[in-house]
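Subject: Structure for your attention

Dear colleague,

Please find below the structure that I should like to hand over to you. I would be grateful if you could read the notes with the structure open.

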Amino acid sequence: MLLRTDPFRDFDRLAQQIMGSGTTSRPTIMPMDAWREGDRFVLEFDLPGIAPDTLDIDVERNVLTIRAERPSRSGDWEPLASERPRGLFSRQLVLGENLDLDRIDASYDAGVLRLAVPVAEKAKPRKVQVSTGGTQVGHSRDKAELETKEQHDASQAS
């Protein structure tokens, strides 16, 4: 259902720890949790301190792209500690064909971006009728059981 598309993520984290956050030319990656909840796939991304108007979510085919930005401080200030990454945050996910990417529900609250993606109707479990000799097995059995029940009820009434 979900494929990671950034094989160099651990290398980027190491480089950021050595050189400091936000100094690499690549966007900072955002932490994510993903799980299935009933008939939907849920994704949560940690983006504390991100202004909602900087969030950009795109879907192209089955690739979901999330971008956000925490701007660098400008003006006359002296940093005493700088551990929170600034700049562009980006994440791309390849989602399976079994999700309905036309009906994604997105919300942002308390620094957490939550996406709920419904499972496509074609991917949901369903019953398949079996037919033999031109009749459906399930339908024939149900009809025979109904006739037997009606005969039993008629005999009980008399």
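The notes below go from the chain as a whole to the sheet, the core and a few single residues.

Please bear in mind throughout that this is a predicted model.

Overall architecture

The protein chain contains 2 helices and 10 strands. Read from the N terminus, the order of elements is β-α-β-β-β-β-β-β-β-β-β-α. Of its 158 residues, 25% count as buried. Taking the contacts between residues at least 6 apart in sequence, 54% link residues that are at least 24 apart.

The four-stranded sheet

An open sheet of 4 strands is present, in the order β2-β3-β8-β7 and with antiparallel pairing. Its edges are formed by β2 (32-37) and β7 (105-109), each of which pairs on one side only. On average, and with direction ignored, neighbouring strands of this sheet are turned by 15 degrees against each other.

At one edge, β2 and β3 are joined by 6 bridges in the antiparallel sense. These two strands make a hairpin with 2 residues between them, and Gly38 in the turn has a positive phi of about 65 degrees. Within this pairing, Met32 has Phe45 of β3 as its bridge partner. At the other edge, β7 and β8 run antiparallel and are joined by 5 bridges; here Tyr108 stands opposite Leu113 in β8.

The nonpolar core

The largest nonpolar core comprises 20 residues, and those that touch the most other members are Leu43, Phe45 and Leu47. Two or more residues of this core come from each of β3 (40-46), β5 (63-70), β6 (87-95) and β8 (112-118).

Which residues does Phe45 contact, leaving aside its neighbours within four places in sequence? They are Met30, Pro31, Met32, Ile66, Arg91, Leu93, Gly111, Val112, Leu113 and Leu115. Among them is Met32, the bridge partner already mentioned, and also Leu113, which stands opposite Tyr108.

Val42

Val42 is found in strand β3. Is this residue buried or exposed? Val42 counts as buried because its relative accessible area is 0%. Beyond its neighbours within four places in sequence, Val42 is in contact with Asp33, Ala34, Trp35, Glu37, Arg114 and Leu115. Leu115 is also in contact with Phe45. From Val42 to Ala106 the separation is 64 residues in sequence and 10.0 Å in space, C-alpha to C-alpha.

Two residues with positive phi

Two residues other than glycine deserve a look for their backbone angles. Arg61 has a positive phi of about 60 degrees and is located in the loop between β4 (56-60) and β5. Arg61 counts as exposed because its relative accessible area is 79%. Ala110 has a phi near 55 degrees, likewise positive, and lies in the loop between β7 and β8. With a relative accessibility of 74%, Ala110 also counts as exposed.

Rings and charges

How many aromatic pairs does the model contain? The count comes to 0. A charge over a ring does occur: the charged end of Arg73 sits over the ring of Trp77, 5.8 Å from the ring centre.

With kind regards

Technical notes: Residues are numbered from 1 along each chain as its sequence is written. This is a predicted model: local features need pLDDT of at least 70, side-chain atom pairs count only at pLDDT 80 or more; totals for chains, interfaces and linings use all residues. Side-chain values use heavy atoms; hydrogens and water are left out. Rings of Phe, Tyr and Trp (its six-membered ring) pair if their centres lie within 6.5 Å; planes under 30 degrees apart count as stacked, over 60 as edge-to-face and the rest as tilted. A charge sits over a ring if NZ of Lys or CZ of Arg is within 6 Å of the ring centre and within 35 degrees of the ring normal. A nonpolar core is a set of buried Ala, Val, Leu, Ile, Met, Phe, Trp, Tyr and Cys residues joined through side-chain atoms within 4.5 Å. Buried means under 20% relative accessible area, exposed over 50%, partly exposed in between (1.4 Å probe, protein chains only). Contact means heavy atoms within 4.5 Å. Two strands pair if DSSP finds at least two bridges between them. Axes are lines fitted to C-alpha atoms, for helices over the stretch in contact, and angles run from 0 to 180 degrees between N-to-C directions.
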